[in-house]
Every structure is written in structure tokens, then in C-alpha cells.
Amino acid sequence: MESLIKAWEGETVIVQYDRPTGAWIFIAIYSTRLGPAAGGTRMKAYPEVRQALLDGMRLAKGMAYKYAVPDMPWGGGKAVIALPHDFAEHSRPGLLHRYGKLIHQLGGLFSTGPDVGTCSEDMDVIAETGAPHVFACTPDAGGSGSSGPYTALGVFTGIQAACEHLFGEDSLSGRKVLVQGTGGVGGPLIDRLLEAGAEVAFNEIDEAAILRCRDELGLRFIRSEDVFETPCDIFAPCALGGLFNETSIPRLKCRIVAGGANNQLAAPEDAERLRARGILYAPDYVINVGGAMAILGMETLAWGSDRAEREVVGSVRQALHQVFELAEREAFSTGLAAGRIAEERLTADR
Ligand code: PPY
């Protein structure tokens with residue numbers, strides 16, 4: 001893990017070994033240049049502990065870029081709790097309380113919210129020891145609840161912006177959209193897409209969620225092995241990241257990639273691979289800012305939900321058009337364009 005930390009351009013990594021459970025807690029802080037760090041807490045088992053650290057470091061950079069593009073006064077950070085493979089669910093509250101205590105001790109250097117493997121109910125438990133540096137608690141606990149619907153609203157807006165750029169009209173009526181992951185973000189995204197008249201297919205690994213989407217919503221199910229080859233207008237990854245690489249990109253049969261998952265590209269060069277295939281890629285951290293933007297606005301700036309929705313729609317639309325236009329003008333990838341915009345903000349004199 002020494003070499004991983006050494007190679008990372010971020011500021012700080014906080015490490016805590018949770019002896020009672022055997023879990024490893026990593027808090028990666030990429031940059032506090034624009035403000036104190038905030039980012040979700042990812043909690044899952046990894047094949048190896050070092051992969052959890054690497055995940056946290058990559059996600060923290062994504063958060064820094066995510067805040068930088070719409071000029072939010074927050075720094076990039078992410079927490080990863082690597083669970084032991086024999087983790088017992090009854091140990092969860094204790095682990096979350098000890099993690100909350102660490103958050104509290106950091107005194108605002110890092111604030112957190114939900115990510116893959118944690119939900120608003122978990123934030124309530126973390127907040128018992130970690131308040132006030134815990135966002136998106138349940139409404140019962142005085143929080144604003146799940147960020148998923150706001151992320152989904154931003155992704156929906158981003159899909160419209162991509163269609164406008166590529167097809168000259170933002171209407172989704174009759175557009176074929178493949179949504180991967182039907183959980184906190186994919187679920188509400190599907191609802192909006194259907195309402196807009198899109199033809200939605202989905203991929204999912206959870207059996208109950210498959211039944212719900214296929215039998216109750218009547219959507220076409222795409223098996224995991226067929227996801228990349230399925231012809232569609234828009235492919236919207238809303239599950240785990242790292243899916244686009246030199247072997248998956250040549251198989252794609254979509255015109256647009258625009259989804260909510262973090263860290264969709266295995267490597268930065270994959271943005272150029274998508275461009276070379278004529279696929280318009282909406283950079284993940286630009287299109288999925290909605291959750292963080294809405295939650296932070298509602299909980300630190302006293303926005304109401306209407307204001308939060310307006311801010312998300314306006315910011316994602318404007319930022320994506322800026323990214324698409326810069327990429328077109330300079331004839332380079334949208335990933336590079338978004339990176340330029342974010343880095344300019346992160347290095348500007350203040
Ligand atoms: C993300 O956008 O990936 C997050 O980590 C979401 C987030 C960030 C800060 C507060 C609440 C949710």
C-alpha cells in the first residue's frame with residue numbers, strides 16, 4: 001500500500017483498522033483547495049485490502065473534479081470501509097459508531113454521506129457519533145434522505161443534453177435507453193425516462209429487482225454478458241464503475257454513454273477510445289453531481305427541494321454543454337475537456 005499512496009497526487013489518507021470486526025477504514029482526501037472534503041462512504045468486501053484503498057483514492061479524485069466543475073466550495077474526499085469476508089451484519093452498528101467517532105475527531109476535515117453499500121439509515125447510525133459531519137440522514141433523523149433521486153434527475157438532464165448535442169433535439173421520445181443498475185439512481189432514472197417516452201431496457205444482478213422491472217414495469221431485461229453489445233441510443237451505467245476499457249469499448253453499439261456510476265472509465269485514455277468510436281461520453285463526475293449538489297445545498301445552504309432540483313438541472317445542463325463544445329472545438333475527448341475545466345478551477349489563484 002506504500003506504493004499506492006506514494007503514486008497518488010492527493011493530500012491525505014487516514015487509515016483505521018477496526019479490531020472488533022477486522023474491517024479497514026480508509027478516508028482519502030484528494031484536495032481541500034476549494035473547501036473541506038466531503039464524499040460518500042463506500043462499504044463492501046474487496047478481494048484484497050489494497051483495492052479498497054485504491055478505490056477510495058480514485059473516488060476521492062472524482063469528488064474533487066465533481067465539485068470543481070460547477071464551482072462548489074467543497075473538497076474531494078471519499079471513505080471506503082473494506083469489510084472482512086466473514087463480516088456479520090449484527091456488527092454493523094458498532095462498526096458505524098466507531099467510524100462516526102473517527103469522522104467526529106477529524107473535526108470537519110471530512111464530511112460524509114451515502115455511497116455504494118451504505119444508505120440514509122446507516123448515516124443515522126454514523127451521525128450518532130459523527131454529527132454534524134454526516135449528510136443525507138433520513139428525514140426522521142432530520143436529514144434530507146436519499147441523494148439517489150437528485151443524482152437521477154441530473155443524469156436524466158445530462159441524457160437530454162447529450163441528445164441535444166448529438167441529434168439536435170433533446171426529446172427522449174422513442175429513444176432506446178439501456179440502464180445498468182436499477183437501485184437508488186437507476187430506479188428513479190427509469191421512471192423519468194419512461195415518463196419522457198423513452199424505450200427502456202435494463203440490466204441488473206439482483207433477482208428481486210429483475211422481477212420488479214421485468215414483470216411490474218414490463219421492461220426488457222438484458223443479461224450481463226449482453227450489455228455491451230446491445231444496440232441502443234443511450235447506455236446509462238448506474239451500477240459499479242470501471243466498465244469501459246480496451247476490450248469493452250470496441251463491443252459497444254450505442255451512440256451516447258451517459259450514466260450515474262462513479263469512475264466509469266478503467267483509465268483516462270478510455271475517453272479517447274469512446275470518442276474514436278464516435279460515441280458521445282458524458283463524463284461521470286459531470287453528469288452525476290446531482291446527489292452531492294442537492295444534499296449539500298439542502299443541508300448547508302437551506303435550499304428547499306425545488307431549489308435543489310433547479311440547481312441540479314441548470315448546473316448539469318450548462319456544464320455538459322460546455323464540456324461537449326470544448327471537446328468538439330479542440331477535437332479531443334470529453335473526458336479531457338472535463339478534466340481541463342476541473343483542473344483549471346482546482347489550480348486557479350484564490
Ligand atoms: C457522490 O456524489 O459520489 C457522493 O459521494 C455523494 C455525496 C457527497 C456528499 C454528501 C452526500 C453525498
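**Exercise 1. Into which domains is the chain divided?**

Solution. The model is predicted. Domain 1 is made of two segments, 2–64 and 74–138. Domain 2 is likewise written as two segments, 148–289 and 318–344. Taken over C-alpha atoms, the centres of domain 1 and domain 2 are 27 Å apart. Domain 1 brings 8 residues to the contact, and domain 2 brings 4 residues.

**Exercise 2. Describe the interface of domain 1 and domain 2 by area, by residue and by polar pairing.**

Solution.

Step 1, area. The size of an interface is often given as the accessible area lost when the parts come together. Domain 1 and domain 2 bury about 470 Å² between them. Carbon and sulfur atoms carry 49% of that area.

Step 2, main contributors. On the side of domain 1, R58, L59 and G62 account for 50% of the area buried against domain 2. No other three residues supply as much.

Step 3, polar pairing. The count of salt bridges across the interface of domain 1 and domain 2 is 0. The count of residue pairs in polar contact between domain 1 and domain 2, with both residues at pLDDT 80 or more, is also 0.

Step 4, elements. Two elements, strand 3 (37–45) and helix 2 (49–68), each give at least two residues to the side of domain 1 that touches domain 2. Helix 2 has the largest share of that side, with 3 residues.

Step 5, classes. The side of domain 1 that touches domain 2 holds 5 charged, 2 nonpolar and 1 polar residues. Set this beside the salt bridge count of 0 across the interface of domain 1 and domain 2.

**Exercise 3. Which parts does the salt bridge of R42 and D55 tie together?**

Solution. The rule requires a side-chain nitrogen of Lys or Arg within 4 Å of a carboxyl oxygen of Asp or Glu. The closest N and O atoms of R42 and D55 are 3.4 Å apart, and the pair forms a salt bridge. R42 belongs to strand 3 and D55 to helix 2, so the pair joins parts that are 13 residues apart in sequence. By this rule the model has 20 salt bridges.

**Exercise 4. In what order do the 6 strands of the open sheet run?**

Solution. The order is 8-7-6-9-10-11, with parallel pairing. The edges are strand 8 (220–221) and strand 11 (280–281), each of which pairs on one side only. Strand 11 pairs with strand 10 (residues 256–257) in the parallel sense, over 2 bridges. V257 stands opposite Y281 of strand 11.

**Exercise 5. Locate two backbone features in loops.**

Solution.

Step 1. The peptide bond that joins A131 and P132 is cis, with omega about 5°. P132 sits in the loop between helix 4 (120–130) and helix 5 (148–167).

Step 2. D71 is a residue other than glycine with a positive phi, near 60°. D71 lies in the loop between helix 2 and strand 4 (75–83).

Definitions and conventions:
Residues numbered from 1 in each chain as written. Predicted model: local features only at pLDDT ≥ 70, side-chain atom pairs only at ≥ 80, totals over all residues. Heavy atoms only, no water. Domains from an automatic or database assignment. Contact = heavy atoms within 4.5 Å. Buried area = accessible area lost by both parts, 1.4 Å probe. Polar contact = N/O pair within 3.5 Å; in protein donor to acceptor, adjacent residues only side chain to side chain. Helix = DSSP H or I, 4+ residues; strand = E, 2+ residues; numbered from the N terminus. Nonpolar A, V, L, I, M, F, W, Y, C, P; charged D, E, K, R; others polar. Pairing = 2+ DSSP bridges.
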